[in-house]
Amino acid sequence: MELGREDGALEIGPPDTGFGGPQPTLMFLPNPEPKRTKLRLHFDLNPTDRDQHTELDRLLAAGARPIDIGQGPDVSWHVLADPEGNEFCLLRRRVEAVGSPSST
């Protein structure tokens, strides 16, 4: 679920949970200050409802960009940065797709 707000905030999490609900969500808030140091928190994302390539296309369309942190060309993940320069990795799917027959 992605809920954009007028202030530019974005909430990502399971459908119909919302902030303070029974399952965790992530809130991303815009910050006009430039990134100055390495992040203390690094996200590794793995899609559960689509393949890695489809999710990469979606993230790039949303403003992410590929970056090189020395990972080399033969890794199975993509290193990206959000529009503010925060790094994260897009992994291959490691769990069954949500709603797949084997996950019920």
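So, Arg-50: at 26% relative accessibility, this one counts as partly exposed. Before I go on, keep in mind that we're looking at a predicted model.

What does Arg-50 do with its side chain? Arg-50 forms a salt bridge with Asp-49, and the closest N and O atoms there are 3.0 Å apart. Arg-50 also meets the side chain of Glu-55 in a salt bridge, at 3.4 Å from N to O.

Okay, let's follow that to Glu-55. Glu-55 sits in helix α1. Is Glu-55 buried or exposed? Buried: the relative accessible area is 9%, and the cut-off for buried is under 20%, so Glu-55 falls on that side of the line. If you leave aside neighbours within four places in sequence, Glu-55 is in contact with Pro-47, Arg-50 and Leu-90. So Arg-50 turns up again in that list, and you already know the salt bridge between the two.

Next one along, Arg-58. The side chains of Arg-58 and Glu-55 meet in a salt bridge as well, at 2.8 Å, N to O. How are these two placed in the helix? Arg-58 and Glu-55 are three residues apart in helix α1, which covers residues 52–61, so about one helical turn separates them. Arg-58 itself is partly exposed, with 29% relative accessible area. Put it together and you get one network: Asp-49, Arg-50, Glu-55 and Arg-58, joined by salt bridges that share partners. And how many salt bridges does a search of the whole structure find? Three.

Right, on to the nonpolar side of things. As a general point, nonpolar side chains in soluble globular proteins tend to be buried together. Here, the largest nonpolar core has six residues, namely Leu-56, Leu-59, Ala-64, Leu-80, Phe-88 and Leu-90. Which elements give two or more residues to this core? Those are α1 and β7. You'll remember Leu-90 from the contacts of Glu-55.

Let me pick out Ala-64 from that core. Not counting residues up to four places away in sequence, Ala-64 touches Leu-59, Leu-80, Ala-81, Asp-82 and Phe-88. There's also a second, separate core of five residues, and among its members are Ile-67, Ala-81, Cys-89 and Leu-91. So one of the residues that Ala-64 touches, Ala-81, belongs to that second core.

Asp-82 was in the Ala-64 list too, so let's go there. A polar contact of 2.9 Å joins the side chains of Asp-82 and Asn-86. Where is Asn-86? In the loop between β6, residues 78–81, and β7, residues 87–90. Asn-86 is buried, at 19% relative accessible area; the cut-off is under 20%, which is why that value still counts.

Last stop, the surface. Ile-12, Leu-26 and Phe-28 make a nonpolar surface patch of about 210 Å². Phe-28 is in strand β3, residues 26–28, and counts as partly exposed at 34% relative accessibility. Why can Phe-28 be in a patch at all? Patches take residues with over 30% relative accessible area, so Phe-28 makes the cut.

That's my tour, thanks.

Technical notes
Residues are numbered from 1 along each chain as its sequence is written. This is a predicted model: local features need pLDDT of at least 70, side-chain atom pairs count only at pLDDT 80 or more; totals for chains, interfaces and linings use all residues. Side-chain values use heavy atoms; hydrogens and water are left out. Helices (H or I, at least four residues) and strands (E, at least two) are DSSP runs, numbered from the N terminus. Buried means under 20% relative accessible area, exposed over 50%, partly exposed in between (1.4 Å probe, protein chains only). A polar contact is a pair of N or O atoms within 3.5 Å; within protein, one must be able to donate a hydrogen and the other to accept it, and residues adjacent in sequence count only if both atoms are side-chain atoms. Patches are made of residues with over 30% relative accessible area and no salt bridge: like charges are joined within 9 Å, nonpolar side chains (Val, Leu, Ile, Met, Phe, Trp, Tyr) within 5 Å. Accessible areas come from the Shrake-Rupley method with a 1.4 Å probe; for residues, only the protein chains shown count as cover. A salt bridge is a side-chain nitrogen of Lys or Arg within 4 Å of a carboxyl oxygen of Asp or Glu. A nonpolar core is a set of buried Ala, Val, Leu, Ile, Met, Phe, Trp, Tyr and Cys residues joined through side-chain atoms within 4.5 Å. Contact means heavy atoms within 4.5 Å.
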